[in-house]
Amino acid sequence: QVQLVESGGGSVHSGGSLRLSCAASEFTRDYYAIGWFRQAPGKQREGVGCISNKDGRTWYTDSVKGRFTISTNNTKDTVYLQMNNLKPEDTAVYYCVTDSRYYFCTEYDRMEAVWYDHWGQGTQVTVSS
């Protein structure tokens, strides 16, 4: 069964913007934290950012601070990743993830892949020079 459905990926020029969306099914809607990983070919996957369902606190990796923003809709069933001033190094497959156990990301100011129970299918983001 599909639990996380992502959309919004695509190709843009450097400096452009994209907004990724992730729709959570009823089964995954009761998450503690939701966020995004990304992985480029030949590179290690890295946590991009997250938002806590408890208090709305967010965390971002240093390389995207000031450019990316994570938010949710009012019913908390959709999470967005607004990406502005995109750079070629942002090119990667982006994965929506949920943490069903705790607010680990905002508590420890990092994202560990093993903390996340559900992963989306991934959506490609390509930024050209």
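Guide: Two strands count as paired if DSSP finds at least two bridges between them. The model discussed here is a predicted one, and that criterion applies to the strands of its open sheet.

Visitor: In what order do the strands of the open sheet of 4 strands follow one another?
Guide: The pairing within this sheet is antiparallel. Strand S1 (4-7) and strand S7 (68-72) are its edge strands, each pairing on one side only, while neighbouring strands are turned against each other by 15 degrees on average, direction being ignored. The order of the open sheet is S1-S3-S8-S7.

Visitor: Which residue does Glu6 stand opposite in S3?
Guide: Strands S1 and S3 run antiparallel and are joined by 4 bridges. Among the residues that Cys22 contacts beyond four places in sequence are Leu4, Val5 and Glu6. The residue that stands opposite Glu6 in S3 is Cys22.

Visitor: Is Cys22 buried or exposed?
Guide: Cys22 lies in strand S3, and, with neighbours within four places in sequence left aside, its contacts include Trp36, Asp77, Thr78, Val79 and Cys96. The cut-off for burial is under 20% relative accessible area. Because the relative accessibility of Cys22 is 1%, this residue counts as buried.

Visitor: How many residues apart in sequence are the parts that the pair of Cys22 and Cys96 ties together?
Guide: Cys22 and Cys96 form a disulfide with their sulfur atoms 2.1 Å apart, and the torsion about the S-S bond is about -85 degrees, so this disulfide is left-handed. Cys22 belongs to strand S3 (residues 18-24) and Cys96 to strand S9 (residues 92-99), so the parts that the pair ties together are separated in sequence by 74 residues.

Visitor: Which helix holds Cys105, the partner of Cys50?
Guide: The sulfur atoms of Cys50 and Cys105 are 1.7 Å apart, and the two residues form a disulfide, left-handed with -90 degrees about the S-S bond. This pair ties together parts 55 residues apart in sequence, because Cys50 lies in strand S5 (residues 46-52) whereas Cys105 lies, within residues 104-108, in helix H1.

Visitor: What is the pairing when the bonded cysteines of the protein are numbered in sequence order?
Guide: The structure holds 2 disulfides. Cys22 and Cys96 are both buried, and both Cys50 and Cys105 are buried as well. With the bonded cysteines numbered in sequence order, the pairing is 1-3, 2-4.

Visitor: Which residue's backbone nitrogen does the side chain of Thr123 reach?
Guide: Thr123 is placed in strand S11 (residues 123-128) and counts as buried because its relative accessibility is 12%. Not counting residues up to four places away in sequence, Thr123 touches residues including Glu6, Leu20, Ala92, Val93 and Tyr94. At 3.4 Å, the backbone nitrogen reached by the Thr123 side chain is that of Gly9.

Visitor: What is the angle between the planes of Tyr102 and Tyr103?
Guide: A search of the whole structure finds 9 aromatic pairs, and ring pairs link Tyr32, Tyr102, Tyr103, Phe104, Tyr108 and Trp115 into a cluster. Tyr102 counts as partly exposed because its relative accessibility is 33%, whereas Tyr103, at 17%, counts as buried. The pair of Tyr102 and Tyr103 is tilted, with 5.3 Å centre to centre and an angle between the planes of 50 degrees.

Definitions and conventions
Residues numbered from 1 in each chain as written. Predicted model: local features only at pLDDT ≥ 70, side-chain atom pairs only at ≥ 80, totals over all residues. Heavy atoms only, no water. Disulfide = S-S within 2.5 Å. Helix = DSSP H or I, 4+ residues; strand = E, 2+ residues; numbered from the N terminus. Buried < 20%, exposed > 50% of the residue type's maximum accessible area, 1.4 Å probe, protein only. Contact = heavy atoms within 4.5 Å. Polar contact = N/O pair within 3.5 Å; in protein donor to acceptor, adjacent residues only side chain to side chain. Axes fitted to C-alpha atoms, helices over the stretch in contact; angles between N-to-C directions. Phe/Tyr/Trp six-rings, centres within 6.5 Å; stacked < 30°, edge-to-face > 60°.
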